Amino acid sequence: MKRLNLVSLFFGGLFGFAFSASGFNQYDVIHRMLLLQNFRPYLVMASAVLVAAPLLWYLERRQWVTPLGGVLELRRWKPERKHVLGGIVFGAGWAITGACPGTIPTALAAGCLLAAVPAIGMVAGVVLHDAVAERTTDRDPAMGSELWSEA
Amino acid sequence: MPHVLSLPLPWFVAGPLMGLSVVGMYAVTNKHLGISGSFVQFADAARGRPIESWRLWFLGGIMLSAALVAILAGYPQTGLRYGVLTHVLPLNAVIPFLFVGGILIGVGARWAGACTSGHGITGCSTRSIGSMTAVMTFMVTAVAATFVIRAISGGAL
């Protein structure tokens, strides 16, 4: 059993606990957030960033050596067109389903069978995007996939 | 089932726990926490491409916790219910609606490079300007689109 997998299971568990216990796996919570009737989800996200950002900044400054992945290297992306265009498409899907990619598996695990529909749609959307992207650019598709998988 | 856990968790507990998950993943594994990457593994498996197994274990952890929370809080979302959506629309309208929405989420997250977690929480925490650009775009779009949906549904949604 790879240690990386076990560590991922643990932190996935921690993240998923806070996520689900915030009600982020419920359509009504996300929908009211996007209707600006419920500001709690924004506070959750902001406080997550406020806790993580200084700690990551400190670890990076100290050139922290991670036990499983070498010297800490924080991933950053320069703003590009794709962040805006992808963001628009993503935002529309988020509004329609009341689900972000975290909502879908956590709703399913809580017994919400209908979450299987956007789950299948999402995997289809990834394949659809790549099929179009690989046809319209001459970039090596494997390389595109590699670039993306960083995030 | 007694409600061992009362929902929702206070935001000042839930948010920092998510932040610590992000820090923990980076500090131990040097990996950038994000959930949409897990879905890519299914697409890659279907296309015969190599997969990153840690992302599936991460997804497994999330789902185990979600099941646990549903049990402890006495809040299983059983049956073919989807919040207000299934009160307002019949099932044969909800399913295509959710499917189209799901495709948009998949295309958009793939295109932008990450989602609400990978860009929204982790990317903002690493001070990635591209992530902040994506977050501002999808937040504004999602809020605007939700108000459009509200208008089209005559205030029902």
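In this predicted model, the contact between the two chains draws 104 residues from chain A and 105 residues from chain B. On the chain A side, seven stretches give two or more residues each to the surface touching chain B, among them helix 1 (3–21), helix 3 (40–61) and helix 6 (116–136) of chain A. Helix 1 of chain A hands over the largest share, 17 residues. Here is how that side of chain A splits up by class:

| Class on the side of chain A that touches chain B | Count |
|---|---|
| Nonpolar | 64 residues |
| Polar | 30 residues |
| Charged | 10 residues |

Now zoom in on one helix pair. The axes of helix 3 of chain A and helix 6 (residues 116–125) of chain B come within 7 Å, crossing at roughly 35 degrees, and the crossing is right-handed. From helix 3 of chain A, residues including Met45(A), Ala48(A) and Leu56(A) meet Gly120(B), Ile121(B), Cys124(B) and Ser125(B) of helix 6 of chain B. That contact has eight nonpolar, two polar and no charged residues.

Which residues touch the most other members of the largest nonpolar core? Among its 91 residues, they are Ala18(A), Ala48(A), Met18(B) and Val22(B). Take Met18(B): leaving out residues up to four places away in sequence, Met18(B) touches Phe15(A), Ala18(A), Phe19(A), Val44(A), Ala48(A) and Ile121(B).

Finally, a quick check on helix 1 (residues 11–29) of chain B. With 19 residues at 1.5 Å a residue, this helix should span 27 Å, and its end C-alpha atoms are indeed 27 Å apart, so the two agree. Just after helix 1 of chain B, Asn30(B) takes a positive phi of about 65 degrees.

Definitions and conventions:
Residues are numbered from 1 along each chain as its sequence is written. Chains are lettered from A and ligands numbered from 1 in the order in which they are written. This is a predicted model: local features need pLDDT of at least 70, side-chain atom pairs count only at pLDDT 80 or more; totals for chains, interfaces and linings use all residues. Helices (H or I, at least four residues) and strands (E, at least two) are DSSP runs, numbered from the N terminus. The expected span of a helix is 1.5 Å times one less than its number of residues. Two residues are in contact if their C-beta atoms, placed from the backbone, lie within 7 Å. Ala, Val, Leu, Ile, Met, Phe, Trp, Tyr, Cys and Pro count as nonpolar, Asp, Glu, Lys and Arg as charged, and the others, Gly among them, as polar. A nonpolar core is a set of buried Ala, Val, Leu, Ile, Met, Phe, Trp, Tyr and Cys residues joined through C-beta atoms within 7 Å. A residue is buried if 20 or more other C-beta atoms lie within 10 Å of its own, exposed if 12 or fewer, and partly exposed in between; C-beta atoms are placed from the backbone. Axes are lines fitted to C-alpha atoms, for helices over the stretch in contact, and angles run from 0 to 180 degrees between N-to-C directions. A crossing is left-handed if the near helix is turned anticlockwise from the far one by less than a right angle, and right-handed if clockwise.
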